[in-house]
Amino acid sequence: MFEIKIDSWEKLVSEFAQELDMSSMEAWPYVDLTDQSVGTHINSDYADPTCEEDLNGHELVEIEPKSSREGYEFMERFAETRSEAQADKIYQALNRRHPFSTFRYAVEDLGILQEWYDFKNKALEELAEERLRDYAVEFKDGKIVCTNPKNITVFECEMLDDEVP
């Protein structure tokens, strides 16, 4: 597992924004207070329960993932920043079936894909900062802390019947 050293609030927000981007209702982002890192925990019946043994005993703050509605709102907000002609094409894409993929094709056709990525990254960082604050996660005295103990859980890996503890 590759971990990036988090040495500032800005780095925490940036790294957590990336986790939020990959999150879903089955993949919750977390802040690991033990390892001073961020990651994503798979909450699924289909996930291999042994894949997260390295988190066993760690203090985690599991944070609500980005919803598809929030992702859709990012696209709407991006459309609002565009010229009328571009916004019209984007809104048409958003009102079609499969709005996420049609949106991407629309911004690519318009030649503004990189501008979308830049906008989305900024929106993700804003959401990450909001989520971290909502869960009382801070960066103090050179480390990640959570000031609300109710938000901290100790991760316990489920052992399979044939595993020896």
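## Overall make-up

Of the 165 residues that make up the chain, 41% count as buried. The model is a predicted one, and the description that follows should be read with that in mind. The chain holds five helices and six strands, and, read from the N terminus on, these elements follow one another in the order α-β-β-β-α-α-α-α-β-β-β.

When contacts with a separation of 6 or more are considered, 62% of those in the chain are accounted for by residues 24 or more positions apart.

## Helices α4 and α5

Helix α4, which covers residues 99–109, packs with helix α5, which covers residues 113–134, at an angle of about 125°, and the axes of the two helices are 7 Å apart. An angle of about 125° lies above the range of 65 to 115 degrees that counts as roughly perpendicular and does not pass the 145 degrees required for roughly antiparallel, and therefore α4 is oblique to α5.

On the α4 side the contact is made by Phe-103, Arg-104, Val-107 and Glu-108, while α5 contributes Leu-113, Trp-116 and Tyr-117. Sorted by character, the residues of this contact of α4 with α5 comprise five nonpolar and two charged ones, with no polar residue.

## The largest pocket

The largest pocket has a volume of about 250 Å³. It is lined by 15 residues, of which Lys-66, Gly-71, Met-75, Phe-100 and Lys-120 are the closest to its centre. Two or more lining residues come from each of the elements α2 (68–80), α4 and α5, and α2 provides the largest share, with four residues.

In character, the lining of the largest pocket is mixed, since its residues divide into seven nonpolar, five polar and three charged.

## Two residues with positive phi

Ala-136 is not a glycine, yet its phi is positive, at about 60°. This residue is placed in the loop between α5 and β4, the latter covering residues 137–140. With a relative accessible area of 14%, Ala-136 falls under the 20% limit and is therefore buried.

A positive phi, near 50°, is also found at Asp-141, again a residue other than glycine. Asp-141 lies in the loop between β4 and β5, where β5 covers residues 143–146. Its relative accessible area is 84%, which is over the 50% limit, and so Asp-141 is exposed, whereas Ala-136 is buried.

Conventions:
Residues numbered from 1 in each chain as written. Predicted model: local features only at pLDDT ≥ 70, side-chain atom pairs only at ≥ 80, totals over all residues. Heavy atoms only, no water. Axes fitted to C-alpha atoms, helices over the stretch in contact; angles between N-to-C directions. Parallel < 35°, antiparallel > 145°, perpendicular 65-115°, else oblique. Contact = heavy atoms within 4.5 Å. Nonpolar A, V, L, I, M, F, W, Y, C, P; charged D, E, K, R; others polar. 1 Å grid on protein atoms, 1.4 Å probe; cavity = no way out; pocket = protein on both sides within 12 Å on 5 of 7 lines; lining within 4 Å. Points joined across faces, edges and corners; volume = space filled by probe spheres on them. Buried < 20%, exposed > 50% of the residue type's maximum accessible area, 1.4 Å probe, protein only.
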